[in-house]
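Here are my notes on the packing and the aromatic rings. Have the model open while you go through them.

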Amino acid sequence: MEERRVGRGSCATTLDERGGSMSEDFMEHDDSYVYDVYFSRDTFHLIVAAIRHYKSLLDAGKRAVLEDSAIGAFMDESTFKTFPVARDMRTIDWLLERLEKTLSDQVENNWDYDFRVTHGNARILKSASLLYLDVLAVRRDEIANRPDVARAVVEALDEQLARLRELLETGIFSRMSTVSLAFDQLPQSSGHGLAHVQASPSSAGASPPVVLDSIQIRDPQLRSRCLDLVARFDSDGEHERLDTVLNEATRILEDRIRTLSGAEPELIGVDLARFAFAPPNHRIVLSDITAEQEGAHLLFRGVFGFVRNAVHHRLVDDLQPQRVLQILGMIDYLIFVAESGMKAGGPAPVV
């Protein structure tokens with residue numbers, strides 16, 4: 001079976017045949033494909049908790065059948081082993097044993113965990129983890145409805161749940177399909193034990209995490225043209241349209257830099273950043289220390305090259321509202337930095 005060593009990260013990124021990151025035409029691997037991956041501590045602990053939870057559901061269902069006084073007469077242990085669900089349970093047992101061994105073998109509070117897993121088993125890990133997050137979302141709703149729990153506490157919980165869900169949308173999981181789990185019901189917490197409601201393992205949960213109401217954006221144009229779009233796309237569940245927000249924000253940044261530096265209209269992106277900030281012929285002075293001026297140039301260049309170009313040249317449909325807000329905050333800061341600069345050759349501020 002083919003193997004690839006993948007880089008570190010929240011759950012690392014698959015490499016293609018040339019050793020680069022995944023391209024747009026990347027096809028999902030065969031289930032026999034092997035990953036040698038470094039999972040971050042939080043990702044790994046989420047997976048372990050999810051598989052433990054999923055195993056407990058399967059074991060409880062098996063006991064309910066085999067220990068029933070009537071059904072047990074027609075379904076004993078040997079008969080049960082002949083059905084596909086028994087094979088699925090053996091796979092889960094094997095995965096959990098390996099996960100827990102990896103957990104025990106590595107140093108406590110280790111930052112990451114080296115784990116080898118096939119694509120097929122990784123799909124099981126992702127699916128079980130999404131189901132587990134649905135369970136946590138139900139628990140979240142129960143906590144949120146309690147009158148003695150402050151809104152700020154619920155918001156903190158929402159932030160953490162959103163972060164956990166994001167871990168399953170990055171690295172090797174980002175373009176990986178889920179599997180149909182043997183247990184496809186979501187246990188719902190109640191005051192009288194566990195009830196059951198239907199749920200898909202890839203659903204967003206009973207109540208989606210709450211995105212920050214806003215972020216402090218000081219530039220009026222950026223605030224008026226972008227924040228309302230984030231709120232609308234989030235409330236409508238149209239996260240695949242969030243790339244238009246970043247496209248608009250970087251367009252505003254470009255326009256502002258072009259105005260401040262006196263660049264020609266056709267100068268865009270990284271070329272505009274070079275024209276405005278790259279020493280020794282920079283038009284906007286941000287520092288009299290060459291290394292700092294070059295650092296500022298690279299900062300603006302990086303935003304254009306990495307953020308602007310991605311949303312300008314293709315559709316990016318896997319953005320999360322909170323991350324988009326963070327990028328807006330960064331662009332707001334860059335506008336402030338640019339406007340705080342000095343025109344080259346003169347002491348007066350640009351604005």
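1. Start with Y33 and Y35: both are buried. This is a predicted model, so read everything below in that light. The two tyrosines also form an aromatic pair, edge-to-face, with 5.1 Å centre to centre and 65° between the planes.

2. Next, look at F39 and F173, whose rings are stacked at 6.0 Å centre to centre with 25° between the planes. F39 sits in strand β2 while F173 is in the loop between α5 and β4 (185-190), so this pair ties together parts 134 residues apart in sequence.

3. Are those two rings buried or exposed? F39 has 0% relative accessibility, so it counts as buried. F173 also comes out at 0% relative accessibility and therefore counts as buried.

4. Zooming out, the structure has eight aromatic pairs. Ring pairs join F39, F44, Y113, F115 and F173 into a cluster.

5. Now the largest nonpolar core, which has 41 residues; F39, I51, L99, L125, I172 and F173 touch the most other members. At least two residues each come from β2 (34-40), α1 (41-66), α3 (84-105), β3 (112-118), α4 (119-144) and α5 (151-167). Which element gives the most to this core? That would be α1, with nine residues.

6. I51 is worth a click. Leaving out residues up to four places away in sequence, I51 touches I92, L96, L99, L125 and A128.

7. Don't stop there: apart from the largest core lies another one, of 38 residues, including L222, L242, V311 and I327.

Methods
Residues numbered from 1 in each chain as written. Predicted model: local features only at pLDDT ≥ 70, side-chain atom pairs only at ≥ 80, totals over all residues. Heavy atoms only, no water. Core = buried A, V, L, I, M, F, W, Y, C linked by side-chain atoms within 4.5 Å. Buried < 20%, exposed > 50% of the residue type's maximum accessible area, 1.4 Å probe, protein only. Helix = DSSP H or I, 4+ residues; strand = E, 2+ residues; numbered from the N terminus. Contact = heavy atoms within 4.5 Å. Phe/Tyr/Trp six-rings, centres within 6.5 Å; stacked < 30°, edge-to-face > 60°.
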